[in-house]
Amino acid sequence: MWLFCIEKYKTFNYNLTFTRINPIELKSINSFLSVHFSCNFDLLIFKLKHQIMPGFELFGELERKELSDVLDNGILMRYGFDVKRKGHWKAKELEKELENQLMVKHAQLVSSGTAAVTIALAAAGIGAGDEVIMPTFTFVASFEAIMMLGAIPILVDIDDTLTLDIEATKNAITSKTKAIMPIHMCGSMANLDALKEICNANNLVLIEDSSQATGATYKGKPLGSIGDLGCLSLDFVKIITAGEGGAVLTNNEKFYKNADHFSDHGHDHVGNDRGAETHPFLGYNFRISELHAAVGLAQLRRLDEFVAIQKKNYSIIRDALSGIPEVTFRTVPEGGEESYSFLNFFLLDLNTARKVSSAFKENGIDACFHYYDNNWHYIRKWEHLKDLKTLYPLSSEVKKGLKYLQTKTYEKSDHYIGRNISCLIKLSWTEEDVIKRADKMVEIIKKTCSQ
Ligand SMILES: Cc1ncc(COP(=O)(O)O)c(C=O)c1O
């Protein structure tokens, strides 16, 4: 698993939860590492640093306590076994806490963020031949989920918010459009008021994907709670993690019921005899396990603490970079408060951004992403989507619907992503680390811009 993570995080962007560990935890981590990978924690950290791997999750006592409850009673499934589980319902508890903390009526936990997007779309009745508007800068899960349901992703330009451009969104609406799906990338957000207005005017569903911005707010409301549906990921590299997991958020009773049933084979979850439950409609298995929910529960309780650390570190670096005339920052929509998991800034042109990105890497400024050249987050490198490479035949509707990708260009997105660098903000840094890092970044950018 660790080796997989290392490979994955070399190229992926991610948010990071890095908790300080005590000697008891270190002992148990070391025994796990020695059994499975013949190395200890120091060696692992050394390997990670030298592979420019930005970070990973370490679990502390809180996570261990929640996990022990589950292991002690042995019920790993979130539904049923009412007596045997001795009152432990970790998934239900986490759903309640998500509802409270993210200020939403309903949270439905599921197996991943990708599942959450798929379920949110299905819950809103989106399927064959429907069009869903999404941005060119996101994670591949966005179009995967849309296409899994036989719907058609309509990719539109982003602007300096690094999320949906409002004019491009309006222009992409057709008679087939059913939903607009802003992706709140890298800790900040789309202009949700403007998107809400467009959705209301055109009778469209607004689905927020806040997987990368848990902890951020817009006009005082947590991201994910503002649209008709919200989605979040609790995978290993998000600001709070369950290892794997996700959640669908909604204030809409019908969408909630749909998400609840659809994520568990269509079960209606009435009564306490699973075999006797009815299936109002077809579903699938997107369930989260109690083990994952237990970890997520401990992590959610630390969200505010993580955001506060990120904000402190972010502010030091941002203040330092603010003195460079060639640097501008991503626009945060009015009323928005970032999660501070990334500092996103623009340089003068693509060439400068490429040079700064390389110089950062050469000088140990890790975890700063130039997404223009990244395979996972920007349309430029999504050949498998453009060429429709699938294991199974696609419907003729989807094939026809995606033909536009052969010729469509995205100059506005290129303009912003080409000049953008997104730097991960870690929790593990000391103040001294952050100041040193900020000084080095300033030195590199100034030097590159003067050449
Ligand atoms: C914006 C966004 N949406 C969805 C996902 C998918 O989440 P998961 O890895 O939990 O399936 C990710 C994962 O990185 C993401 O960044």
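Modeller: Two strands pair if DSSP finds at least two bridges between them, and strands (E, at least two residues) and helices (H or I, at least four) are DSSP runs, numbered from the N terminus. We're looking at a predicted model, where local features need pLDDT of at least 70, side-chain atom pairs count only at pLDDT 80 or more, and totals for chains, interfaces and linings use all residues. Residues are numbered from 1 along each chain as its sequence is written.

Colleague: Why do you say that E4 and strand E5 (residues 205–209) pair?

Modeller: DSSP gives them 2 bridges, in the parallel sense, and at least two are needed, so they count as paired. In E5, valine 205 is the bridge partner of alanine 179. From E4 the chain crosses through helix H9 (residues 192–202) to E5, in a right-handed β-α-β crossover.

Colleague: What makes that crossover right-handed?

Modeller: With the strands pointing away from the viewer, the path from the first strand over the helix to the second runs clockwise.

Colleague: And how do you know that strand E2 (residues 131–135) pairs with strand E4 (residues 177–180)?

Modeller: They share 3 parallel bridges, and two would do, so that's a pair. Isoleucine 133 has isoleucine 180 as its bridge partner in E4.

Colleague: Which residues of helix H16 (residues 411–419) are called buried, and why?

Modeller: Ser413, Tyr416, Ile417, Gly418 and Arg419 are. A residue gets that label because 20 or more other C-beta atoms, placed from the backbone, lie within 10 Å of its own (12 or fewer is exposed, in between is partly exposed).
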